[in-house]
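Me: I have a structure open and would like to check the words used to describe it. Please set each word against its meaning.

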Amino acid sequence: MNLHTRKWVKPEDLNPNHTLFGGRLLQWIDEEAVIYAIIQLENTKVVTRYISELNFVNAPKQGDIIEIGILATGFGKSSITMRCEVRNKLTREQILTIDKLVFVNLGEDSKPKPHEKTQITYVKDRVIPNN
């Protein structure tokens, strides 16, 4: 899994225990996952359907840099399923894992729309070069 997105834990991200507020981390994960889904499904109308159990392993502190990784694990008729891993960039300690995040592709009517995707694709493979 590639962990590309990085976030710096700042004072406004902390809970009363002076560690990263779990809700802030979930916000960052949801944002990263929906961007991944939009790129994979080539549609900006994508919504979060399901996030499975969260497994918090370590709590980041102010000043830590965390990395968020998302990987597609399956494609449904109108959905994409992913897993997520978050780790401390400097120590490489695992912070959190989520085994299953599901996002749904929507049509103009805001109802699920088939996407016809069956595997991960990369932007470089979709771009048609100018000749």
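Reply: Begin with two strands. Strand β1 (residues 3–8) and β4 pair in the antiparallel sense over five bridges. In β4, Gly69 is the bridge partner of Leu3. The model is a predicted one.

Me: What makes β1 and β4 count as paired?

Reply: Two strands pair if DSSP finds at least two bridges between them. β1 and β4 have five bridges, so the condition of at least two is met.

Me: Which strand pairs with β4 over nine bridges?

Reply: That is β5, and the sense is antiparallel. Ile66 stands opposite Asn88 in β5. β4 and β5 also form a hairpin, with three residues between them.

Me: Why is Ile68 called buried?

Reply: Buried means under 20% relative accessible area. Ile68 has a relative accessible area of 1%, so Ile68 is buried. Ile68 has its place in strand β4 (residues 65–75).

Me: What does Ile68 touch, not counting residues up to four places away in sequence?

Reply: The list includes Leu3, His4, Thr5 and Lys7. Trp28, Ile29 and Glu32 are also among the residues touched by Ile68, and these three are buried residues of α1. Cys84, Glu85 and Val86 are on the list as well. A contact here means heavy atoms within 4.5 Å.

Me: How far is Ile68 from Phe21 in sequence and in space?

Reply: Ile68 and Phe21 are 47 residues apart in sequence, and their C-alpha atoms are 15 Å apart.

Me: How do you know that the span of helix α1 agrees with its number of residues?

Reply: The expected span is 1.5 Å times one less than the number of residues. Helix α1 (residues 22–41) has 20 residues, so the span should be 28 Å. Its end C-alpha atoms are 28 Å apart, and therefore the two agree.

Me: Which residues of α1 are buried?

Reply: Among them are Leu25, Val34, Tyr36 and Leu41. Glu42, just after α1, takes a positive phi of about 55 degrees.

Me: Why is strand β6 described as largely enclosed?

Reply: Strand β6 covers residues 94–105. Nine of its twelve residues are buried, so β6 is largely enclosed by the rest of the structure.

Me: Which strands does β6 pair with?

Reply: Strand β2 (residues 46–51) is joined to β6 by five bridges, and the two run antiparallel. Ile51 stands opposite Leu101 in β6. Strand β3 (residues 54–56) is joined to β6 by three bridges, again antiparallel. Asn55 has Thr97 in β6 as its bridge partner. Strand β5 (residues 79–88) pairs with β6 in the antiparallel sense over eight bridges, and Ser79 has Val104 as its bridge partner there.

Me: What lies between β5 and β6?

Reply: β5 and β6 form a hairpin with five residues between them. Arg92 lies in this loop.

Me: What makes the phi of Arg92 worth a remark?

Reply: Most residues other than glycine have a negative phi. Arg92 is not a glycine, yet has a positive phi of about 70 degrees.

Me: Why is Arg92 called partly exposed?

Reply: Partly exposed lies between the two cut-offs, 20% and 50%. Arg92 has a relative accessibility of 48%, so Arg92 counts as partly exposed.

Me: What can be said of Ser110 on phi and accessibility?

Reply: Ser110 has a positive phi of about 65 degrees although it is not a glycine. Ser110 lies in the loop between β6 and α2 (123–126). With 46% relative accessibility, Ser110 counts as partly exposed.

Me: What is the pattern of the protein chain, read along the sequence?

Reply: The pattern is β-α-β-β-β-β-β-α, from two helices and six strands. Of the 131 residues in the protein chain, 39% are buried. The C-alpha trace spans about 50 × 35 × 25 Å along its principal axes.

Me: How many positive and negative side chains are there?

Reply: The protein chain has 18 positive and 16 negative side chains. The centres of the two sets lie 2 Å apart.

Terms used: Residues numbered from 1 in each chain as written. Predicted model: local features only at pLDDT ≥ 70, side-chain atom pairs only at ≥ 80, totals over all residues. Heavy atoms only, no water. Helix = DSSP H or I, 4+ residues; strand = E, 2+ residues; numbered from the N terminus. Buried < 20%, exposed > 50% of the residue type's maximum accessible area, 1.4 Å probe, protein only. Lys, Arg positive; Asp, Glu negative; His and termini not counted. Charge placed at Lys NZ, Arg CZ, Asp CG, Glu CD.
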